[in-house]
Amino acid sequence: GTYHIKLVLPTVCTANNGSKFALKWGTASMITSCEYEAKAFTASAVAVTRGTTATDATLLCDNASAVVILVEIDMVAVVALAGTLQVQAAEHTSHADTFSVFKNASMIVRKVG
């Protein structure tokens, strides 16, 4: 089926560590196509990226050096096999500064076709 997936990820990082986000699929070849748009918000700007993928753990949002406080990712995915989806979040660059994804982050999955 075809699904709309929305991730809302309140976060904080520093310019020293940055952040990156991906979806991990529980089953190989679970998603046959995915079109996504990612928005990374700072206190004064927003960076937007778009892309397509059919590959597990593709970076959907990758921030090397900005103080991002919120990430929103919207995607439409064609799911061919049953399985689980997990959000992956990590520092872009290993550093002693704090990188956090806060409580109340959400992933909403809605079947659209």
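A cavity is a set of grid points where a 1.4 Å probe fits but cannot get out. Keep that in mind for the exercises below, which work through a predicted model.

**Exercise 1. The enclosed space**

Find how many cavities of 30 Å³ or more the structure holds, and describe the lining of the largest cavity.

*Solution.*
- Step 1: Start with the count. The structure holds one cavity of 30 Å³ or more.
- Step 2: Look at the volume. The largest cavity has about 40 Å³ of space.
- Step 3: Walk around the wall. L23, W25, C34, T53, T55, T58, L60 and M75 line the largest cavity.
- Step 4: Sort these residues by type. The lining of the largest cavity has five nonpolar residues and three polar ones, with no charged residue.

**Exercise 2. The nonpolar core**

Work out which residues touch the most other members of the largest nonpolar core, and which elements give two or more residues to this core.

*Solution.*
- Step 1: Take the core as a whole. The largest nonpolar core has 22 residues, and I73 and M75 touch the most other members.
- Step 2: Trace the core back to its elements. Two or more residues come from each of strand 1 (2–12), strand 2 (19–25), strand 3 (31–41), strand 5 (59–63) and strand 6 (70–79).
- Step 3: Pick out the largest share. Strand 3 gives five residues to this core, the largest share.
- Step 4: Zoom in on I73. Leaving aside residues up to four places away in sequence, I73 touches I5, K6, L7, F21, E37, A38, L60 and C61.
- Step 5: Add some background. In soluble globular proteins, nonpolar side chains tend to be buried together.

**Exercise 3. Two cysteines without a bond**

Explain why C61 forms no disulfide with the closest cysteine, C13.

*Solution.*
- Step 1: Count the disulfides. The structure holds zero.
- Step 2: Check C13. C13 is in no disulfide, and the nearest cysteine sulfur, that of C61, is 9.4 Å away.
- Step 3: Recall the cut-off. A disulfide needs the two sulfur atoms within 2.5 Å.
- Step 4: Draw the conclusion. C61 and C13 are not bonded because their sulfurs, 9.4 Å apart, are too far for a bond.
- Step 5: Note the surroundings. C13 is buried, with a relative accessible area of 2%, and C61 is buried too, at 6% relative accessibility.

**Exercise 4. A serine in strand 2**

Decide whether S19 is buried or exposed, and list what S19 touches.

*Solution.*
- Step 1: Locate the residue. S19 lies in strand 2.
- Step 2: Apply the cut-off. Buried means under 20% relative accessible area, so S19, at 1% relative accessibility, counts as buried.
- Step 3: List the contacts. Not counting residues up to four places away in sequence, S19 touches C13, C61, D62, N63, V68, A90, E91, H92 and F99.

Key: Residues numbered from 1 in each chain as written. Predicted model: local features only at pLDDT ≥ 70, side-chain atom pairs only at ≥ 80, totals over all residues. Heavy atoms only, no water. Core = buried A, V, L, I, M, F, W, Y, C linked by side-chain atoms within 4.5 Å. Buried < 20%, exposed > 50% of the residue type's maximum accessible area, 1.4 Å probe, protein only. Helix = DSSP H or I, 4+ residues; strand = E, 2+ residues; numbered from the N terminus. Contact = heavy atoms within 4.5 Å. 1 Å grid on protein atoms, 1.4 Å probe; cavity = no way out; pocket = protein on both sides within 12 Å on 5 of 7 lines; lining within 4 Å. Points joined across faces, edges and corners; volume = space filled by probe spheres on them. Nonpolar A, V, L, I, M, F, W, Y, C, P; charged D, E, K, R; others polar.
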